[in-house]
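Morning, everyone. Please look at the sequence and the structure on the screen. I will start with a strand pair and work outwards.

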Amino acid sequence: MNQAQIFSLSRPLARHCPELTVRGPGPEDRAECIAAWRRDVEREVAQDMGDLLSGTKLAAQRSDAEMMQGEEGFAKIGLVAANCLLRCGASDETVLLSFDIDTAIALTDRSFGGTGELSEEPVLGLPRSAALLVEQAARTIAKSVARVSAGGGAAGAVEGDVIVRSESASRLKPFTPATSCACFTLTLTTTDAVAWSATLAMPLEGRDSLLPGLGTLIPDTA
């Protein structure tokens, strides 16, 4: 076999090599996926949390992500809060969800027909009723996020649940103090202008796995 024949036979292999013919999503693809995911999560969380709070009509808004180290994320949440580690996808993507104690109690008050306004009196501990309500809220949000990240579908067809709950965020070990994280605020607002906020944080390297379609390889035609 001469050199020309060897070169001719090798060409199809090189042309179909995945490393040479595919590329990851570009900045525009990523921005579009993030914007769509954010919009859909806000809609689903508002609807699902409204149902949990006795049919309260809610608007949800997610802030832009803040990039920080895990140590800064723990400091942002504080030493004591109502924290839940969520599973938000079939591939076991995890998200840390935290309500401060005052917000947890206010949400519980609203679920029992109260105004849900934050108390001006400092609260030192988390009552059992508030702990149970937070876990319900966390499970609801986990299912909302999982449903969006799976690209839609019935709630029972996606994985979203609370793995563990603790008043210490670092005890849940959602990431190490040195891990690069994305943290953002989720705010729920009622029609009578009562607002509650929660902090969500996740390892930066796992963020893209929650965005539907972003992991798909795109043929490189450049």
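Start with β5 and β8. These two strands pair in the antiparallel sense, over three bridges. For a register point, take L96, which stands opposite A201 in β8. One caveat before going on: this is a predicted model.

Now the other partner of interest. β7 and β8 also pair in the antiparallel sense, here over nine bridges. Take T189 as the marker; A195 in β8 is the residue opposite. The two strands form a hairpin with four residues between them. In that hairpin A193 takes a positive phi, near 65°.

Is β8 largely enclosed or largely open? Seven of its nine residues are buried, so β8 is largely enclosed by the rest of the structure.

Let me step back to the whole chain. The protein chain has six helices and nine strands. It runs to 222 residues, and 40% of them count as buried. Look at contacts with a separation of 6 or more: 67% of those join residues 24 or more positions apart. The accessible surface is about 12,300 Å², and carbon and sulfur atoms hold 53% of that.

Next, the interior. The largest nonpolar core has 43 residues. Which residues have the most contacts inside this core? They are W37, M49, L86, L97, F99, I141 and W196. Several elements supply at least two core residues each. Among the helices that do so are α3, residues 27–52, and α5, residues 101–111. Among the strands are β2, at 58–62, and β4, at 82–87. β5, β7 and β8 are on that list too. α6 gives the most, with 10 residues. As background, in soluble globular proteins nonpolar side chains tend to be buried together.

Zoom in on L86. Set aside its neighbours within four places in sequence. L86 is then in contact with E93, T94, V95 and L97, among others. The list also includes A138, I141 and A142, and then D161, V162 and I163. Apart from the largest core lies another core, of 12 residues. Its members include M68, A81, A169 and L172.

Back to α6 for one residue, T140, which lies in that helix. Its relative accessibility is 18%, and the cut-off for buried is under 20%, so T140 counts as buried. Beyond its neighbours within four places in sequence, T140 is in contact with D48, M49 and L52.

For contrast, take R171. R171 sits in the loop between β6 and β7. At 63% relative accessibility, R171 counts as exposed. Where is N83 relative to R171? The two are 88 residues apart in sequence and 9.7 Å apart in space, C-alpha to C-alpha.

Last stop, helix α4, residues 70–77. Its buried residues are G70, G73, F74 and I77. These cover an arc of only 100° around the axis, which puts them on the same side of α4. The face turned away carries the exposed residues E71 and A75. What covers the buried side? The cover includes β3, β4, β5, β7 and β8. Just after the helix, G78 takes a positive phi of about 100°.

That brings us back to the strands we started from: β5 and β8 are part of the cover over α4. Thanks, and over to you.

Note on methods
Residues numbered from 1 in each chain as written. Predicted model: local features only at pLDDT ≥ 70, side-chain atom pairs only at ≥ 80, totals over all residues. Heavy atoms only, no water. Buried < 20%, exposed > 50% of the residue type's maximum accessible area, 1.4 Å probe, protein only. Contact = heavy atoms within 4.5 Å. Areas by Shrake-Rupley, 256 points an atom, 1.4 Å probe, with all protein chains shown as cover. Core = buried A, V, L, I, M, F, W, Y, C linked by side-chain atoms within 4.5 Å. Pairing = 2+ DSSP bridges. Arc of directions from axis to C-beta.
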